[in-house]
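Trainee: Can we go through this one together? I'll ask as I scroll.

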Amino acid sequence: MRSFCENNRELCRFTIKILIILSVAEKIQCQDFGYDGDKGPSHWGEQYNTCFGKHQSPINIDSLDVVPVNLPPLEFIGFDEQPAKTNLTNNGHTVMLELDADPQPAIAGGPLTGVYEFAQLHFHWGDNDTVGSEDLIDSHSYAMELHLVFYKSVYRNSRAALDYEDGLAVLAFFFEVTSMDNPDFTDFTTLLSDIRSPHRSTSFVNPPKLRQLIGQDLIHYYTYNGSLTTPPCSEVVVWIDFKEPISLSHDQLEKFRALEDTDGARLTHNYRPIQPLGDRIVLFNTEDVIENNLQNRNGPAYAVVPAEEPVAKPTELENEKIPDVPDQQEITEPSNTVDTEKPQSEKKGVKRKFRKNTAWRNSPNSCFTVAISLIIVLFIRFSANQFF
Ligand SMILES: *[C@@H]1O[C@H](CO)[C@@H](O)[C@H](O)[C@H]1NC(C)=O
Ligand SMILES: *[C@@H]1O[C@H](CO)[C@@H](O)[C@H](O)[C@H]1NC(C)=O
Ligand SMILES: *[C@@H]1O[C@H](CO)[C@@H](O)[C@H](O)[C@H]1NC(C)=O
């Protein structure tokens with residue numbers, strides 16, 4: 001190194017600079033998020049600015065400070081159909097289920113404008129049965145919370161949808177602990193032992209219908225505008241939290257806690273602490289008669305929202321004009337696996353593959369991109385120095 005530096009002072013200086021910048025860049029870009037210490041929720045904002053935003057999730061929902069509304073009924077499309085295949089993955093942060101179904105299940109109605117297509121579902125849980133849910137109801141924490149993630153279908157995929165304030169909708173279901181196993185989740189919890197290590201995937205022999213994994217009462221729910229509860233914390237989510245919890249036994253919950261994270265430690269908790277509500281309003285949907293409850297409140301009236309025209313099903317959207325969604329990848333966001341989605345028109349007749357929905361997962365791609373860009377920039381600067 002020494003004689004190399006003496007002979008090529010300029011080159012040497014640049015090489016050292018490159019090495020320093022690369023190591024810093026790697027630290028910044030490649031550190032995965034977690035739930036403890038340096039990688040924990042209070043540090044997410046250092047890498048992902050949006051995590052310090054003002055409309056973050058989760059929140060504590062104060063049931064005495066919600067606005068009762070009668071929203072149009074939520075529509076559950078394809079929830080009673082058995083998917084062709086499933087892909088259940090331990091991604092190091094949670095267990096995630098993707099479906100191979102064409103079309104994917106979808107939701108519409110309620111607080112939503114337009115149709116939202118299913119991307120994936122996953123869970124958040126805690127060290128013991130008294131903690132684990134992300135949103136709290138009257139400061140009460142449930143043992144686990146299920147998130148079914150949907151993206152607005154006009155945005156084509158869940159990654160592109162992150163650029164729009166109405167990009168995602170999440171159906172959230174809470175879990176309460178009962179002494180009996182929930183038979184609807186037996187296959188699910190049994191499969192978890194196949195994917196104890198991170199980045200393992202498995203599939204159901206007999207894939208469950210979405211209807212089997214959700215609650216019964218789909219009328220009473222809280223809804224508010226918030227964010228992803230993991231980096232990049234994008235504030236693009238219409239949250240729909242159902243009031244009635246699903247039951248699960250302690251033993252079934254323990255199967256989730258036996259999963260391992262990327263450090264090989266047990267994934268005993270993966271819930272983000274609550275964030276300030278700020279200037280937001282939480283609505284509570286009920287079928288009760290609502291009387292001008294907003295007369296004395298500032299802001300828009302929510303009471304008795306008139307039912308909208310029937311919303312188009314995803315298949316009917318095929319011929320609609322799809323807005324141009326830039327596929328650019330922001331370096332500050334965890335890079336997605338390569339987006340192989342084709343415009344809808346090209347997709348006709350093509351069997352849909354598992355949708356990659358990894359917007360909130362880090363991948364080495366971003367590190368690679370940063371490294372390459374830096375090398376190119378420095379190389380250009382170096383050659384310029386040489387020749388001028
Ligand atoms: C299942 O999903 C994971 C994560 O998205 C992916 O890496 C894996 O290739 C998928 N497996 C199949 C069979 O599609
Ligand atoms: C459950 O876990 C939480 C968080 O780790 C802890 O604060 C609490 O004391 C635990 N409760 C019991 C009953 O062990
Ligand atoms: C959520 O945001 C949308 C538009 O950004 C707005 O129309 C809607 O009223 C908001 N919902 C609530 C519950 O504040």
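Trainee: Which residues does proline 105 touch, not counting those up to four places away in sequence?

Mentor: Proline 105 touches Ile77, Gly78, Phe79, Phe118 and Leu210. Two residues are in contact if their C-beta atoms, placed from the backbone, lie within 7 Å. Bear in mind that this is a predicted model, in which local features need pLDDT of at least 70, side-chain atom pairs count only at pLDDT 80 or more, and totals for chains, interfaces and linings use all residues. Residues are numbered from 1 along each chain as its sequence is written, while chains are lettered from A and ligands numbered from 1 in the order in which they are written.

Trainee: Where does proline 105 lie?

Mentor: In the loop between β5 (95–100) and β6 (106–109). Strands here are DSSP runs (E, at least two residues), as are helices (H or I, at least four), numbered from the N terminus.

Trainee: Why does proline 105 count as buried?

Mentor: Because proline 105 has 22 C-beta neighbours inside 10 Å. A residue is buried if 20 or more other C-beta atoms lie within 10 Å of its own, exposed if 12 or fewer, and partly exposed in between, with C-beta atoms placed from the backbone. The C-alpha atoms of proline 105 and isoleucine 77 are separated by 5.5 Å, and the two residues are 28 apart along the chain.

Trainee: What else is in that loop?

Mentor: Aspartate 102 is in the loop between β5 and β6, and so is proline 103. A cis peptide bond joins aspartate 102 and proline 103, with omega about 0°.

Trainee: Is aspartate 102 buried or partly exposed?

Mentor: Partly exposed, because aspartate 102 has 15 C-beta neighbours inside 10 Å. Between aspartate 102 and proline 83, 19 residues apart in sequence, the C-alpha to C-alpha distance is 8.3 Å.

Trainee: Which other residues does a cis peptide bond join?

Mentor: Proline 231 and proline 232, with omega about 10°. Proline 232 is in the loop between β12 and β13 (237–249).

Trainee: Back to β5. How many of its residues are buried?

Mentor: In β5, 5 of the 6 residues are buried, so mostly covered is a fair description.

Trainee: And what does β5 pair with?

Mentor: β5 runs antiparallel to strand β4 (residues 85–90), joined by 6 bridges. Strands pair if DSSP finds at least two bridges between them. One bridge partner to look at is leucine 99 in β5, opposite threonine 86. The hairpin of β4 and β5 has 4 residues between the strands, and glycine 92 there takes a positive phi near 90°. β5 also pairs with strand β7 (residues 116–125), in the antiparallel sense over 2 bridges. There, the bridge partner of leucine 97 is leucine 121 in β7.

Trainee: Which residues have a positive phi without being a glycine?

Mentor: Aspartate 138 has a phi of about 50°, and serine 139 has one of about 65°. Most residues other than glycine have a negative phi. Aspartate 138 lies in the loop between β8 (136–137) and β9 (144–152), where serine 139 is also found. Aspartate 138 counts as exposed because it has 10 C-beta neighbours inside 10 Å; serine 139, with 9, counts as exposed too.

Trainee: Switching to ligands. What surrounds ligand 3?

Mentor: Glu165, Thr223, Tyr224, Asn225, Ile281 and Leu283 are around ligand 3, counting a residue as near if its C-beta atom, placed from the backbone, lies within 6 Å. Strand β12 (residues 221–226) gives the most to that shell, with 3 residues.

Trainee: And ligand 2?

Mentor: Asp127, Asn128, Thr130 and Val131 surround ligand 2.

Trainee: How much of the chain is buried, and how many helices and strands are there?

Mentor: Buried residues make up 37% of the 388 in the chain, and the secondary structure comes to 9 helices and 14 strands.

Trainee: What is the average pLDDT?

Mentor: The chain averages 80, and 67% of the residues score at least 70; pLDDT is the predictor's confidence in each residue, from 0 to 100. Over residues 294–365, pLDDT stays under 50. For that stretch the model has 99 contacts beyond four places in sequence.
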